[in-house]
Amino acid sequence: MHRFDPTPMQPRKTDLARDALQAHRAPLDMRQRRLLILCDGQRDLAQLSAMIGPEASAMVIQLIQAGYLVSTASPGPVPAPVAPTAAGPAPTSAAPVTERRRSLVAARIYLLGILELQRHPQAAALLHTLQQARSDEQVVAALGSALDALPGLTSPGYCERVRQRLFEVLPETHLAQLEQAGAVAG
């Protein structure tokens, strides 16, 4: 059963997506590249599904998690924020949505892509370490090592954008682990 969604998602490209499309070196397959090209903030998921196929929604979610797309709603009336009441479920329903956007897998994929773009032996070694990490602790440690090394591999502005984007998708528990390791200060 389909429900009417008054604000359909209209995904649009991020700077990372634009860079990936220009560089032709990002770890994207042809269908993902085609979907990125079509995501202009004007087409909703239904239109994208008609052009790409039924897997477009899943691909959009993957590309959002990897930092290539952002979700925007179509123009329309914006509901006013509702003050939480004792009977209202707003506080409990808002928390899972934020946490769903955060994913250790998405953070890992994002930083793998960033390391892959660097043409430096140290970046290749960090990439290999991150690829080989199996436990959450190993992944977080590899992310921290990569963040520590990134200022020596790229410009300060680019490094800061990567750091900010990574911290947007990294689950807060893992972000706290990076803070304890000292990788957040930078």
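## Exercises on a predicted model

The Ser103 side chain has a polar atom 3.2 Å from the backbone nitrogen of Val105. Keep in mind that we're working with a predicted model.

**Exercise 1. Work out where Ser103 sits, and whether it is buried or exposed.**

Solution.
- Start with the chain: Ser103 belongs to the loop between α5 and α6 (104–117).
- Next, check accessibility. The cut-off for buried is under 20% relative accessible area, and Ser103 comes in at 16%, so it counts as buried.
- Now look for partners beyond four places in sequence: Ser103 touches Val169 and Pro171.
- Finally, add the polar pair from the top: a side-chain polar atom of Ser103 with the backbone nitrogen of Val105, 3.2 Å apart.

**Exercise 2. Find which residues have the most contacts inside the largest nonpolar core, and which helix gives the most to it.**

Solution.
- The largest nonpolar core holds 48 residues.
- Inside it, the residues with the most contacts are Leu35, Leu36, Tyr68, Leu111, Ile114, Leu130 and Leu143.
- As for helices, α8 (residues 136–153) gives the most, with 9 residues.
- Zoom in on Ile114: setting aside neighbours within four places in sequence, Ile114 contacts Leu16, Leu150, Tyr158 and Val162.

**Exercise 3. Describe what happens at the two ends of helix α3 (residues 45–52).**

Solution.
- At the N-terminal end, Asp44 is the cap: one of its side-chain oxygens lies 3.1 Å from the backbone nitrogen of Ala46.
- Just after α3 comes Gly53, with a positive phi of about 130°.

**Exercise 4. Say how many disulfides there are, and whether Cys39 and Cys159 are buried or exposed.**

Solution.
- The disulfide count is 0.
- Cys39 has 1% relative accessibility, so it is buried.
- Cys159 has a relative accessible area of 5%, so this one is buried too.

**Exercise 5. Decide which parts of the model to handle with care, using pLDDT.**

Solution.
- Begin with the overall picture: the mean pLDDT is 78, and 76% of the residues score at least 70.
- Then go element by element. Helix α7 (residues 121–132) has the highest mean, 93, while helix α5 (residues 90–101) has the lowest, 44.
- Residues 1–6 have pLDDT below 50, and this stretch makes 0 contacts beyond near neighbours in sequence.
- Residues 74–100 are also below 50, with 6 contacts beyond near neighbours in sequence.
- The takeaway: where pLDDT is low, don't read the predicted coordinates in detail.

Key:
Residues are numbered from 1 along each chain as its sequence is written. This is a predicted model: local features need pLDDT of at least 70, side-chain atom pairs count only at pLDDT 80 or more; totals for chains, interfaces and linings use all residues. Side-chain values use heavy atoms; hydrogens and water are left out. A nonpolar core is a set of buried Ala, Val, Leu, Ile, Met, Phe, Trp, Tyr and Cys residues joined through side-chain atoms within 4.5 Å. Buried means under 20% relative accessible area, exposed over 50%, partly exposed in between (1.4 Å probe, protein chains only). Helices (H or I, at least four residues) and strands (E, at least two) are DSSP runs, numbered from the N terminus. Contact means heavy atoms within 4.5 Å. A polar contact is a pair of N or O atoms within 3.5 Å; within protein, one must be able to donate a hydrogen and the other to accept it, and residues adjacent in sequence count only if both atoms are side-chain atoms. pLDDT is the predictor's confidence in each residue, from 0 to 100. A disulfide is a pair of cysteine sulfur atoms within 2.5 Å.
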